[in-house]
Amino acid sequence: MEYNSLTDYLLLIVAAVFVKNILLAQYLGNCPFLGVSKKMETATGMGMAVVFVLVLAAVFTWMTYTYILVPLKLEYMKTVTFILVIAALVQFVEMFMKKSMPALYKGLGVFLPLITTNCAVLGVCLINIDKEYSIMTATVFSFASAVGFALALALFAGLRERFEIAAIPKSFEGTAIGLITAGLIAMAFFGFAGMVNI
Amino acid sequence: MGEIMKMMVVLTLISVVSGVALGTMNEVTRDPIIQAEFKFAKEPALKEILPEYDNDLVADKFEIVSGEKIVTVYPAKQNGKVVALGYESSAKGVNGDIRIMVGIDLEKNVLRGIRVVAHSETPGLGARITEAAFSRQFDNIPLGAPVKVKPDGGQVDAISGATISSRGTCEAVEAAFKFFEEHKAELSTK
Amino acid sequence: MSVVKEFTKGFWQELPPFRLVLGLCPTLAVTKTAFAGAGMGLATTFVLVCSNILISMLKNVIPAKVRIASFIVIIASFVVVVEMLMKAYAYPLSQVLGLFIPLIVVNCIVLGRAEAFASKNSVIDSAADGLGIGLGYSMALALLGAIRELFGAGTILGGTPMEMLAFGSSFKPFSFMVQAPGAFMCLGLILGFIGFLNRRYNI
């Protein structure tokens, strides 16, 4: 499908945020999903950091692939190159933020190192290439995917905060009940299935 | 000097070794990968939807540029004469592309049949497009005829609960017909 | 003795997805059948063992500051090797696992073992550690895959020559189990069960 008009892009965004939510339907980025979702504050911080890095990473990896790897016929090096680009980018963003945006750094700084090993970032960058998206489509898709990630994370954290006052069977405390709750959210998101095709 | 130099040297060395190793690996596995792709993804479908053939499909295959896509066409020959063509076509399903292999009979000018080669439809619902009961409905449709599901006024029984996936399959067939019309001249010369 | 200990700890005390809750993405994504789960586990094992051995050999050469970057390059290279080999010699499996093969790079288990174990221990211990953790991971994935497959598709060992129907042909598959919500819930229930064993029998 060609993405030309505004409608196409709106559909792509709806699809990436709700229908094929990266966490709940594509299973990407589960480690931070369960790791940093105990409090709403950390969940939104992580969500914002992922949106920021994922969009940048998608643009940089797309350009690296199209302008360096393809001309050199080194397509098979994409996994190695992408992870290095992402790692370097995260380091750079961290240094830059610390120097020029201390307020933002205070909020997002602790989450940045965790993002390198967030498979949602590398996953989306690889999907962009696999699906042969244009730079514009790739950027929009990455942004929407990251928003979907942040949304699911925030929803999940909201529920998880209530675990504090709920009577949970002792054996299920912690991750076990978290996974079952995630299953319920995923089921709710199933209601969007088939709404938009991408 | 000293530490920074060592860091640079070590990182560069590791990257170079990795690059060389992967380059060699790529050379070694290139042909096996192409063969495996054909054997598992294409050959079973082609065998079912093409008539008897006595040629090597891989050796005789050719590519046609159609818009932005490159379509690989497998010609089935009997005694050196091309009797049928097999190629892939695709359309949107619920969760992603539905890719089908079509077999075009050049003597009777009909679609011999289709096989779904790749899809990501919902298990138990849309995924049933791979079942023979559904895909058999496309056997012997005249080339260029409209292919639609019954709710759209066509002839194909949609799978209950999976109209979108069924419609996607029909669209893929129509796309295959369109490709054949557009490239008729090219196809007949090869 | 220590080699045996490093090898066996991966089967229970440090069983990755169940006890350490690491490497969840592939655990949830590819365990639609026992075969796919085991395949994913073995691919990860290969990367773990190779990268553990190489990193342990190079531990005195790599400067501390570029340690993580070097580990990532080494791990990523082995991942690409696995990806190519699998496409060439186990094509159907590579189609099932798809995107999750390159994503072994960011599987926390692999980088975790490199950083926490291989960069501090001898080559033999590191190899045993990688093999143990990897095989434990494979078993866990195969188990989860077997359960989801049994209810979600009604088959045992589907996708292999030994495929058989568990409940006869009139069984209507509970397809929820092979989709995302089923994955989360099934793993949640297993973790709950392990939590129960832990509390009741202290194991």
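Two strands count as a pair when DSSP finds at least two bridges between them. Keep that in mind for the tour, which goes through a predicted model.

**Stop 1: a pair of strands in chain B**

Select residues 81–92 of chain B, strand S3, and then residues 97–105, strand S4. Nine bridges tie S3(B) to S4(B), and the two run antiparallel. Want to see individual partners? Click Glu88(B) and look across to S4(B), where Met101(B) stands opposite. Then try Ala84(B), whose bridge partner in S4(B) is Asp105(B). Four residues make up the link in the hairpin that joins S3(B) to S4(B).

Here's some background for the next stops: strands of a sheet pair through backbone hydrogen bonds, either parallel or antiparallel.

**Stop 2: back to the start of the sheet**

Now select residues 62–66 and residues 69–78 of chain B, which are strands S1 and S2. How many bridges pair S1 and S2 of chain B? There are five, in the antiparallel sense. Phe62(B) is a good one to click, with Val73(B) in S2(B) as its bridge partner. Then go to the hairpin of S1(B) and S2(B), where two residues sit between the strands. Gly67(B) is the residue to pick there, as it takes a positive phi near 65°.

Next, keep S2(B) selected and add S3(B) again. This antiparallel pair is joined by six bridges. Lys77(B) has its bridge partner in S3(B), namely Val82(B). The hairpin of S2(B) and S3(B) also has two residues between the strands, and Asn79(B) in that hairpin takes a positive phi near 50°.

**Stop 3: on to S5**

Add residues 110–118 of chain B, strand S5. S4(B) and S5(B) run antiparallel, with seven bridges joining them. Click Ile104(B) and find Leu111(B), its bridge partner in S5(B). In the turn of this hairpin, which puts four residues between S4(B) and S5(B), Asn109(B) has a positive phi of about 55°.

**Stop 4: the whole sheet**

Put the strands together. You're looking at an open sheet of six strands in chain B, in the order S1-S2-S3-S4-S5-S6, with antiparallel pairing. Which strands are at the edges? They are S1 and S6 (141–142) of chain B, and each pairs on one side only.

**Stop 5: zoom out to chain B**

Show chain B as a cartoon and you can count five helices along with the six strands. Trace the chain from the N terminus and the elements go α-α-β-β-β-β-β-α-β-α-α. Why is chain B described as more spread out than a compact globule? Its radius of gyration is 22 Å, well over the 16 Å that the globule rule gives for 190 residues, so chain B is more spread out than such a globule. Along its principal axes, the C-alpha trace of chain B spans about 75 × 45 × 30 Å.

Of the 190 residues here, 33% count as buried. As for contacts in chain B between residues at least 6 apart in sequence, 52% join residues at least 24 apart.

**Stop 6: where chain B touches chain A**

Bring chain A into view. The contact takes seven residues from chain A and nine from chain B. On the chain B side, look at helix H1 (residues 3–49), which supplies the largest share, four residues. By type, the chain B side divides into five polar residues, three nonpolar and one charged.

**Stop 7: the cores**

Select Val50(A), Val53(A), Val121(A), Leu122(A), Val47(C), Ile75(C) and Phe184(C). These have the most contacts inside the largest nonpolar core, which has 135 residues. Helix H5 (residues 67–89) of chain C gives this core its largest share, 14 residues.

Center on Val50(A) for a moment. Setting aside residues up to four places away in sequence, Val50(A) touches Ile115(A), Asn118(A), Ala120(A), Ala146(A), Phe149(A) and Ala150(A). A second, separate core has 38 residues, including Ile49(B), Ala76(B), Val102(B) and Val156(B).

**Last stop: confidence**

Finally, color chain C by pLDDT. The mean for chain C is 85, and 99% of its residues reach 70 or more. Among its elements, helix H4 (residues 34–57) has the highest mean pLDDT, 92, and helix H2 (residues 16–20) the lowest, 73. For the complex, the predictor gives an ipTM of 0.84 and a pTM of 0.81.

Notes. Residues numbered from 1 in each chain as written. Chains lettered and ligands numbered in written order. Predicted model: local features only at pLDDT ≥ 70, side-chain atom pairs only at ≥ 80, totals over all residues. Contact = placed C-beta atoms within 7 Å. Nonpolar A, V, L, I, M, F, W, Y, C, P; charged D, E, K, R; others polar. Rg over C-alpha atoms; globule rule 2.2 N^0.38 Å. Buried ≥ 20, exposed ≤ 12 C-beta atoms within 10 Å, placed from the backbone. pLDDT = per-residue confidence, 0-100. Core = buried A, V, L, I, M, F, W, Y, C linked by C-beta atoms within 7 Å.
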